[in-house]
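Me: I would like to understand how the terms used for a protein model are justified. Could we take them one by one, with the structure in view?

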Amino acid sequence: MDSTIKTASFIEDFTHGFQPEPFHLLARQTGFCQRQGKIDPYDFLLSGVLGQASALRLTLDSQARSLAEPVSRQAIDQRYHERTVAYFHAAFDHVLAHALGQPPTAAMAGSLQAHFSAVYLLDSTCFDAPPALQTLFPSCGGDASPANVKVLLRYEYIQGQFEPRALPPGKKPDQNLAAPIAQLLHKDQLQIQDKGFYAAAAWHAAQAAGAYLLMPWPRSVTVWTRPQPNQPEQLLDVAAVLGAATASCVEWAEVVLGKDERRVEGLRLTAFRLSPESAGRHRAALREARRRQDGGSPTQTALELAGWLLLLTNAPVAKLPTHMIAYLYRLRWQIELIFRQCKSTLRLDQARGNNPQRTQCEIWARLLCAVFVFWWHAHANAVCWLHRRGEISFEKTACAIQQKAHGLGRALFRGGVRLGEALRELWNCLLKTARKGRQKTRTNTWDVLNDRWLDPQPTPAVPVAMDLVNH
């Protein structure tokens, strides 16, 4: 399909997702709009999503001035109540559903679909909120703010789709969120997650759906093996085996985790030896953490395990070769970059004021703005890769939309010819100015996945030493 046709199709789909009528209906259904007033509900939403995105400071004054008919800051403040929270939440769900229903043509990572129909990256991030929110979003305690908000996010890597899934209090552990998210998986989908999301129920849900998980092994979970058929299972001393190993990669093809109702069968446990530099950093961090905790020293078992990356998966070797497991896990770092941009550029973690309803609306508005940015990034990236074998930078996309956000908000509210012109101008800007720079001498994770697996070389090699971050 020609890029011009793709552009027109995407802009048409995007415009359809931001028609005023559905938002007016949501405003009436949630009770936000009970009578015709000076502030249009759709305009009020856009002022919070795009008007505030381009403001130097997130204040009631800046939002009031971004409306089509400016009002006083008091008028804006009075519009924040429980019904407004319901309206912003419903608007977010509406836009997210429409964005997920219009996936782009698979771009650079489309070759992964030969192995997995989708690759999800799962993680959460937290940020402090004003103390007035401590009843709704209690924190874990300590010296930080008594209110803390957690954002649970799934990011689909192949299509580049952004999926915020929940907004729980900061004190709620990731482990309690793992099973409901795993229940969303379908056959042949892969989810890559941190060890904080380990839960036997999540593994059971994924296996029942024919889906796969990939995550680090939590040391607190026991590992059992059966050396011979029809023999009892034996507890595996992972540290002892790795301490005696000379190979850079050790794999147990089938292990059992836990016991009784928390028992999980049919998993692979693979250990990759870290480079001396990476192992040294982890052991130094382990010693420092133990010193701060009680002044003691870590055990020899802990020091041995700190020199290895141990990963669990239920994906068979035919789906996920052993020599590629650690490289595929590296993709999880992408979600950390997403969180960084959501906070630094989209200011997700900047909550102001002591009005709990206003703070909740601001969070939903910034998440909706993030969906807006990822929607554009995914489609522009697909076209850029298809026609130029290049990539679009999410950071540059977010900055470009932030700079144009106020004008885009006004164009979306007014509609007509001006809207089409503004959207085409943004599209051309992204394709021309938001492309990633590429160092030909630098090999990234995608290059390794492509060269050694997706487009394999004659003799793929097992990595000698892994120098991995964030595991």
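Reply: Gladly, and please keep in mind that this is a predicted model. Two strands are said to pair if DSSP finds at least two bridges between them.

Me: What makes β5 and strand β10 (residues 308-313) a pair, and in which sense do they run?

Reply: The definition asks for at least two bridges, and β5 and β10 have three, in the antiparallel sense, so by that definition they pair. Within β10, Leu312 is the bridge partner of Met215.

Me: How many bridges join strand β4 (residues 189-193) to β5?

Reply: Three bridges join β4 to β5, and these strands run parallel, with Ile192 standing opposite Leu214 of β5. Between β4 and β5 the chain passes through helix α8 (residues 200-209), in a β-α-β crossover that is right-handed.

Me: Why is strand β5 (residues 212-216) called largely enclosed by the rest of the structure?

Reply: Buried means under 20% relative accessible area, and five of the five residues of β5 are buried, so the strand is largely enclosed by the rest of the structure. Tyr212, Leu214 and Pro216 point one way from β5, while Leu213 and Met215 point the other way, and all are buried.

Me: How do you know that the span of helix α16 (residues 417-433) agrees with what is expected?

Reply: At 1.5 Å a residue, the 17 residues of α16 should span 24 Å, and because its end C-alpha atoms are 24 Å apart, the two values agree. Among the buried residues of α16 are Leu423, Leu426, Trp427 and Leu430, and Trp376 is in contact with Leu423, Leu426, Trp427 and Leu430.

Conventions. Residues numbered from 1 in each chain as written. Predicted model: local features only at pLDDT ≥ 70, side-chain atom pairs only at ≥ 80, totals over all residues. Heavy atoms only, no water. Helix = DSSP H or I, 4+ residues; strand = E, 2+ residues; numbered from the N terminus. Expected span 1.5 Å × (residues − 1). Buried < 20%, exposed > 50% of the residue type's maximum accessible area, 1.4 Å probe, protein only. Contact = heavy atoms within 4.5 Å. Right-handed = clockwise from strand over helix to strand, strands pointing away. Lists of a residue's contacts leave out its neighbours within four places in sequence.
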